[in-house]
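Biologist: Could you walk me through a strand and a helix in this one?
Modeller: Gladly, let us open it and take them in turn.
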Amino acid sequence: MTVEEVDQFLKANERSLVTRLLELAKDACEKGVTRAHILNGNLDGVLPCEIFSDLGSGTMIYTSDYGGIRQMTTGDVPRVLGLMRPFFENGKLLPRTESQLLEKVDDYIVYEFDGGISACAALHKYPDGQGEIAAVAVDENFKHMGIGEKMVKFLCQAAKARNVKSVFILTTQAGDWFQSLGFKADSVESLPPERRAKWTPERNSKVFRK
(Lines give C-alpha, C1' and ligand atoms only; values in the text may rest on other atoms or scores of the structure.)
Protein backbone atom coordinates (compact mmCIF):
# COMPACT_ATOMS: atom_id res chain seq x y z
CA MET A 1 0.00 0.00 0.00
CA THR A 2 1.16 3.52 -0.70
CA VAL A 3 0.96 6.13 2.06
CA GLU A 4 -2.02 7.65 0.21
CA GLU A 5 -3.80 4.28 0.13
CA VAL A 6 -3.26 3.95 3.88
CA ASP A 7 -5.14 7.23 4.36
CA GLN A 8 -8.05 5.89 2.29
CA PHE A 9 -8.07 2.64 4.29
CA LEU A 10 -8.05 4.48 7.63
CA LYS A 11 -10.98 6.67 6.59
CA ALA A 12 -13.02 3.65 5.52
CA ASN A 13 -12.41 1.43 8.56
CA GLU A 14 -13.01 1.62 12.30
CA ARG A 15 -10.05 1.80 14.66
CA SER A 16 -8.44 -1.55 15.46
CA LEU A 17 -5.04 -3.15 15.92
CA VAL A 18 -4.67 -3.22 12.13
CA THR A 19 -5.40 0.49 11.72
CA ARG A 20 -2.98 1.30 14.57
CA LEU A 21 -0.20 -0.66 12.86
CA LEU A 22 -0.94 1.14 9.59
CA GLU A 23 -0.82 4.50 11.36
CA LEU A 24 2.61 3.65 12.78
CA ALA A 25 3.87 2.50 9.37
CA LYS A 26 2.53 5.67 7.73
CA ASP A 27 4.18 7.81 10.42
CA ALA A 28 7.52 6.09 9.82
CA CYS A 29 7.29 6.71 6.07
CA GLU A 30 6.41 10.37 6.60
CA LYS A 31 9.52 10.73 8.78
CA GLY A 32 11.91 9.47 6.12
CA VAL A 33 11.59 5.67 5.98
CA THR A 34 10.96 4.60 2.36
CA ARG A 35 9.06 1.43 3.31
CA ALA A 36 7.65 -0.25 6.41
CA HIS A 37 6.57 -3.90 6.67
CA ILE A 38 3.77 -5.35 8.80
CA LEU A 39 4.36 -9.07 9.37
CA ASN A 40 2.92 -11.96 11.35
CA GLY A 41 5.79 -12.95 13.63
CA ASN A 42 4.17 -16.31 14.39
CA LEU A 43 4.91 -17.57 10.87
CA ASP A 44 8.21 -19.38 10.29
CA GLY A 45 10.42 -17.69 7.71
CA VAL A 46 8.14 -14.67 7.38
CA LEU A 47 10.97 -12.11 7.37
CA PRO A 48 13.16 -13.57 4.57
CA CYS A 49 10.03 -14.33 2.54
CA GLU A 50 8.92 -10.70 2.82
CA ILE A 51 12.32 -9.16 2.14
CA PHE A 52 13.87 -11.52 -0.39
CA SER A 53 10.95 -12.66 -2.55
CA ASP A 54 8.80 -10.75 -5.01
CA LEU A 55 5.58 -12.23 -3.59
CA GLY A 56 6.25 -11.30 0.03
CA SER A 57 4.31 -12.48 3.07
CA GLY A 58 2.99 -9.33 4.76
CA THR A 59 1.88 -5.80 4.03
CA MET A 60 4.36 -3.19 2.85
CA ILE A 61 3.68 0.53 3.20
CA TYR A 62 5.83 2.61 0.89
CA THR A 63 6.37 6.19 -0.24
CA SER A 64 6.19 7.51 -3.79
CA ASP A 65 10.00 7.56 -3.84
CA TYR A 66 10.00 3.75 -3.60
CA GLY A 67 7.53 2.97 -6.37
CA GLY A 68 4.82 4.36 -8.59
CA ILE A 69 3.59 5.30 -12.05
CA ARG A 70 5.71 7.49 -14.28
CA GLN A 71 6.18 8.35 -17.95
CA MET A 72 8.20 5.86 -19.96
CA THR A 73 11.54 7.13 -21.27
CA THR A 74 13.59 5.98 -24.25
CA GLY A 75 16.00 4.34 -21.80
CA ASP A 76 13.17 2.15 -20.48
CA VAL A 77 12.38 0.59 -23.86
CA PRO A 78 14.67 -2.49 -23.59
CA ARG A 79 13.31 -3.34 -20.13
CA VAL A 80 9.72 -2.78 -21.25
CA LEU A 81 10.22 -5.09 -24.24
CA GLY A 82 11.59 -7.72 -21.86
CA LEU A 83 8.50 -7.31 -19.67
CA MET A 84 6.19 -7.63 -22.70
CA ARG A 85 7.91 -10.66 -24.26
CA PRO A 86 6.00 -13.36 -22.30
CA PHE A 87 2.75 -11.63 -23.27
CA PHE A 88 3.77 -11.70 -26.93
CA GLU A 89 4.53 -15.41 -26.65
CA ASN A 90 1.21 -16.39 -25.06
CA GLY A 91 -0.82 -14.23 -27.44
CA LYS A 92 -2.11 -11.75 -24.86
CA LEU A 93 -0.36 -8.84 -26.60
CA LEU A 94 0.39 -8.12 -30.23
CA PRO A 95 4.17 -8.11 -30.77
CA ARG A 96 5.85 -4.72 -30.78
CA THR A 97 9.34 -3.72 -31.86
CA GLU A 98 11.80 -1.35 -30.26
CA SER A 99 11.25 1.19 -33.04
CA GLN A 100 7.48 1.06 -32.52
CA LEU A 101 7.87 1.76 -28.81
CA LEU A 102 10.28 4.61 -29.47
CA GLU A 103 7.89 6.12 -32.00
CA LYS A 104 5.07 6.18 -29.40
CA VAL A 105 7.21 6.65 -26.29
CA ASP A 106 5.09 9.58 -25.03
CA ASP A 107 1.98 7.34 -25.01
CA TYR A 108 3.47 4.86 -22.54
CA ILE A 109 3.62 4.77 -18.76
CA VAL A 110 5.49 2.33 -16.54
CA TYR A 111 5.21 1.24 -12.93
CA GLU A 112 8.61 1.45 -11.31
CA PHE A 113 9.05 -0.57 -8.13
CA ASP A 114 12.24 -0.71 -6.08
CA GLY A 115 14.26 0.44 -9.09
CA GLY A 116 12.77 -2.05 -11.55
CA ILE A 117 9.92 -1.82 -14.04
CA SER A 118 7.11 -4.16 -13.06
CA ALA A 119 4.34 -3.01 -15.44
CA CYS A 120 3.57 -0.91 -18.52
CA ALA A 121 0.57 0.40 -20.43
CA ALA A 122 -0.22 2.95 -23.13
CA LEU A 123 -2.89 5.47 -24.13
CA HIS A 124 -3.17 6.16 -27.86
CA LYS A 125 -5.39 9.06 -28.95
CA TYR A 126 -7.08 9.02 -32.38
CA PRO A 127 -8.15 11.98 -34.56
CA ASP A 128 -11.86 11.33 -33.94
CA GLY A 129 -11.39 11.85 -30.19
CA GLN A 130 -11.35 8.21 -29.13
CA GLY A 131 -8.57 6.80 -26.99
CA GLU A 132 -7.19 3.28 -26.81
CA ILE A 133 -5.68 1.76 -23.68
CA ALA A 134 -3.19 -0.79 -24.94
CA ALA A 135 -0.13 -2.87 -24.05
CA VAL A 136 -1.20 -3.46 -20.45
CA ALA A 137 1.40 -5.87 -19.05
CA VAL A 138 2.24 -6.65 -15.42
CA ASP A 139 5.14 -8.81 -14.32
CA GLU A 140 3.78 -12.15 -13.07
CA ASN A 141 5.54 -11.65 -9.71
CA PHE A 142 3.64 -8.41 -9.07
CA LYS A 143 0.15 -9.19 -10.37
CA HIS A 144 -1.21 -9.65 -6.82
CA MET A 145 -0.54 -5.99 -6.01
CA GLY A 146 -3.33 -4.44 -8.10
CA ILE A 147 -0.85 -2.59 -10.31
CA GLY A 148 -2.75 -3.31 -13.53
CA GLU A 149 -5.90 -1.72 -12.15
CA LYS A 150 -3.92 1.33 -11.00
CA MET A 151 -2.40 1.72 -14.47
CA VAL A 152 -5.77 1.52 -16.24
CA LYS A 153 -7.39 4.01 -13.84
CA PHE A 154 -4.43 6.37 -14.27
CA LEU A 155 -4.80 6.26 -18.06
CA CYS A 156 -8.57 6.79 -17.84
CA GLN A 157 -7.90 9.95 -15.84
CA ALA A 158 -5.23 11.00 -18.35
CA ALA A 159 -7.71 10.46 -21.18
CA LYS A 160 -10.24 12.70 -19.47
CA ALA A 161 -7.61 15.41 -19.02
CA ARG A 162 -6.83 15.17 -22.75
CA ASN A 163 -10.53 15.55 -23.66
CA VAL A 164 -10.81 11.98 -24.96
CA LYS A 165 -14.54 11.31 -25.40
CA SER A 166 -14.28 7.58 -24.64
CA VAL A 167 -11.60 4.93 -24.21
CA PHE A 168 -11.63 1.42 -25.62
CA ILE A 169 -9.49 -1.68 -25.31
CA LEU A 170 -9.10 -4.74 -27.50
CA THR A 171 -8.40 -8.05 -25.80
CA THR A 172 -8.54 -11.75 -26.54
CA GLN A 173 -8.26 -13.05 -22.97
CA ALA A 174 -8.91 -10.33 -20.38
CA GLY A 175 -12.48 -9.25 -21.15
CA ASP A 176 -13.85 -10.21 -17.71
CA TRP A 177 -11.11 -8.25 -15.97
CA PHE A 178 -11.78 -5.09 -17.99
CA GLN A 179 -15.51 -5.45 -17.35
CA SER A 180 -14.75 -5.53 -13.61
CA LEU A 181 -13.11 -2.11 -14.11
CA GLY A 182 -16.26 -0.64 -15.65
CA PHE A 183 -15.70 -1.32 -19.36
CA LYS A 184 -18.65 -2.55 -21.43
CA ALA A 185 -18.66 -4.73 -24.54
CA ASP A 186 -18.80 -2.83 -27.82
CA SER A 187 -18.56 -3.61 -31.53
CA VAL A 188 -15.59 -3.56 -33.88
CA GLU A 189 -17.53 -1.08 -36.04
CA SER A 190 -17.24 1.50 -33.22
CA LEU A 191 -13.44 1.65 -33.54
CA PRO A 192 -11.64 4.57 -35.24
CA PRO A 193 -11.04 3.76 -38.93
CA GLU A 194 -7.26 3.57 -38.41
CA ARG A 195 -7.63 0.98 -35.66
CA ARG A 196 -10.45 -0.94 -37.33
CA ALA A 197 -8.22 -1.48 -40.36
CA LYS A 198 -5.73 -3.37 -38.17
CA TRP A 199 -8.34 -5.69 -36.63
CA THR A 200 -8.28 -9.25 -37.98
CA PRO A 201 -10.86 -12.06 -37.68
CA GLU A 202 -8.00 -14.50 -37.05
CA ARG A 203 -7.13 -12.83 -33.76
CA ASN A 204 -10.75 -11.88 -33.11
CA SER A 205 -10.04 -9.36 -30.36
CA LYS A 206 -13.11 -8.22 -28.41
CA VAL A 207 -13.84 -4.53 -27.95
CA PHE A 208 -14.66 -3.02 -24.54
CA ARG A 209 -15.36 0.66 -23.93
CA LYS A 210 -15.64 3.13 -21.06
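Modeller: We will look at one strand with its partners, and then at one helix, keeping in mind that this is a predicted model.

Biologist: Is strand E6 largely enclosed or open?
Modeller: Eight of the nine residues of E6, which spans residues 130-138, are buried, so this strand is largely enclosed by the rest of the structure.

Biologist: How does E5 pair with E6?
Modeller: Strand E5, residues 116-125, pairs with E6 in the antiparallel sense over six bridges, and one of the bridge partners is Glu-132 in E6, which is matched with His-124. Four residues lie between the two strands of this hairpin, where Gly-129 takes a positive phi near 95 degrees.

Biologist: And what about E7, how many bridges join it to E6?
Modeller: Three bridges join E6 to strand E7, residues 166-171, and these two strands run parallel. The chain gets from E6 to E7 through helix H6, residues 147-161, in a β-α-β crossover that is right-handed.

Biologist: Switching to H2, which of its residues are buried?
Modeller: In H2, the buried residues are Thr-19, Leu-22, Ala-25, Lys-26 and Cys-29. They cover an arc of only 120 degrees around the axis, which means that they sit on the same side of H2.

Biologist: What covers them?
Modeller: The cover for the buried residues of H2 includes helix H1, strand E1 and strand E2.

Biologist: And what caps the N-terminal end of H2?
Modeller: Ser-16 does, with a side-chain oxygen 3.3 Å from the backbone nitrogen of Val-18, while H2 is followed by Gly-32, whose phi is positive, near 120 degrees.

Methods:
Residues are numbered from 1 along each chain as its sequence is written. This is a predicted model: local features need pLDDT of at least 70, side-chain atom pairs count only at pLDDT 80 or more; totals for chains, interfaces and linings use all residues. Side-chain values use heavy atoms; hydrogens and water are left out. Buried means under 20% relative accessible area, exposed over 50%, partly exposed in between (1.4 Å probe, protein chains only). Two strands pair if DSSP finds at least two bridges between them. A crossover is right-handed if, with the strands pointing away from the viewer, the path from the first strand over the helix to the second runs clockwise. The arc is that of the directions from the helix axis to the C-beta atoms. Contact means heavy atoms within 4.5 Å. A polar contact is a pair of N or O atoms within 3.5 Å; within protein, one must be able to donate a hydrogen and the other to accept it, and residues adjacent in sequence count only if both atoms are side-chain atoms.
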